[in-house]
Every structure is written in C-alpha cells, then in structure tokens.
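Thanks for passing this one along. Here are my notes, point by point, for you to read beside the model.

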Amino acid sequence: MKTIINEINVIKEKDPAAKSTLEVLFNYPGLHAILIHRLAHFLYKKGFFVTARIISTISRFLTGIEIHPGAKIGKRLFIDHGMGIVIGETAEVGDDVTIFHGSTLGGTGKDTGKRHPTVGNNVIISAGAKVLGPIEIGDNSKIGANAVVLKDVPNNCTVVGIPARIVRKDGIRVDEKL
C-alpha cells in the first residue's frame with residue numbers, strides 16, 4: 001500500500017493536470033503499468049516466466065505501455081501519457097525517472113546478454129526518444145524528444161538529435177558528439 005501511495009504522490013507532484021488521488025488512481029495508465037510490472041517482475045524473479053509474460057501482455061493491452069517483466073524499475077518512475085512506451089528485458093531504470101509517450105528503451109538486435117539501456121537517477125526521457133543497446137544514461141541527464149541515443153551519455157547532460165549529440169553538459173551549452 002505504501003508503494004501505491006508513493007507512486008500516486010509522484011504523479012501528483014510531477015503532473016499539474018493531476019487534480020486528485022482518485023483521478024490518478026483510476027485514470028493514469030502509467031501508474032497501472034508500473035504497479036502491474038511490479039507484480040510481473042516479482043514472478044519473473046521467482047522463475048514464473050510464462051505467467052509473468054502473460055501478466056505483462058495483459059498490462060500492455062490495457063495501458064499501451066510495454067514493460068518486460070525482466071526489466072528493473074527503480075522508485076518513483078513517472079510515465080507521462082505512456083502510450084507506445086517500450087522497456088526491454090535487460091533495461092534498468094533508476095529512481096525519479098520521467099518517461100514520456102512513444103519512448104523506447106530497447107535493443108539493437110546485435111547484442112546478447114545485457115541488450116538494453118541502463119538509465120541513471122533523475123533522468124528525463126522525452127517523447128519519442130529511442131535509447132538503444134547496452135548503453136548507460138548518466139544521472140540527471142535529459143534525452144530530447146525523438147532523439148536516437150546509441151552511445152553512453154555522461155551525468156548532467158542534455159542530448160538531442162539523430163544520432164544524439166550533447167548540447168548541455170553540467171549546465172553549460174556545448175555541441176559535442178557522443
């Protein structure tokens with residue numbers, strides 16, 4: 001129950017459109033996807049792979065958000081709108097991360113083992129961003145809308161473009177390749 005209240009409070013803090021706890025509880029698919037993922041992930045870790053995948057498939061059908069039950073999700077993840085988000089099996093998402101609709105934390109199809117990104121704490125992944133492969137996104141970084149990120153992003157950076165490049169580093173405007 002404490003986890004549910006915490007997740008609801010995060011949404012109320014980060015989304016000015018959230019008017020009440022009841023509204024968030026019933027109308028936020030990001031919340032539903034996260035809560036269902038926590039159950040699926042628990043079962044996945046216990047070795048109930050098929051059951052966990054069935055639960056995650058039902059969640060995707062209900063919310064439009066696909067989180068593989070193997071993905072590790074930190075505390076206070078805020079999924080805004082959510083439709084079309086994909087988070088792959090070996091992805092790791094830190095605490096206090098915000099992910100907007102249409103974003104992917106996916107693989108490239110070229111890797112084995114760890115195939116998906118590791119996202120640090122306090123990261124923002126904007127709408128339509130594609131973060132692909134076993135790369136690391138540093139703490140406090142921002143991924144711009146529709147960016148395609150294929151290489152590691154250092155802490156405290158903002159990246160934009162296709163392929164993504166650094167445009168802010170430690171609060172200073174730069175133009176740097178990844």
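Which helices and strand each supply at least two residues of the lining of the largest cavity?

1. Keep in mind that this is a predicted model. As for the question, the contributors are helix H1 (2-14), helix H3 (29-45) and strand S3 (78-80), each with at least two lining residues. H3 gives the largest share, three residues.

2. That largest cavity holds about 40 Å³ of space. If you want to click through its lining, look for Glu7, Ile11, Gly30, Leu31, Ile34, Leu77, Phe78 and Ile79. By class, that makes six nonpolar residues, one polar and one charged.

3. Two cavities of 30 Å³ or more turn up in the count. The second largest has about 30 Å³ of space, and its lining is made of Ala33, His37, Ser56, Ser59, Ile65, Glu66 and Ile67. Here the elements giving two or more residues are H3, helix H4 (49-63) and S1. The class split is three nonpolar, three polar and one charged.

4. Now the sheet. Five strands form an open sheet in the order S1-S4-S7-S10-S13, paired in parallel. Strands S1 (66-67) and S13 (148-149) sit at the edges with a single partner strand each, so one side of each has no neighbour in the sheet.

5. At the S13 edge, the partner is strand S10 (residues 130-132), and the two pair in the parallel sense over two bridges. For a spot to check by eye, Val131 has Val149 in S13 as its bridge partner.

Key:
Residues numbered from 1 in each chain as written. Predicted model: local features only at pLDDT ≥ 70, side-chain atom pairs only at ≥ 80, totals over all residues. Heavy atoms only, no water. Pairing = 2+ DSSP bridges. Helix = DSSP H or I, 4+ residues; strand = E, 2+ residues; numbered from the N terminus. 1 Å grid on protein atoms, 1.4 Å probe; cavity = no way out; pocket = protein on both sides within 12 Å on 5 of 7 lines; lining within 4 Å. Points joined across faces, edges and corners; volume = space filled by probe spheres on them. Nonpolar A, V, L, I, M, F, W, Y, C, P; charged D, E, K, R; others polar.
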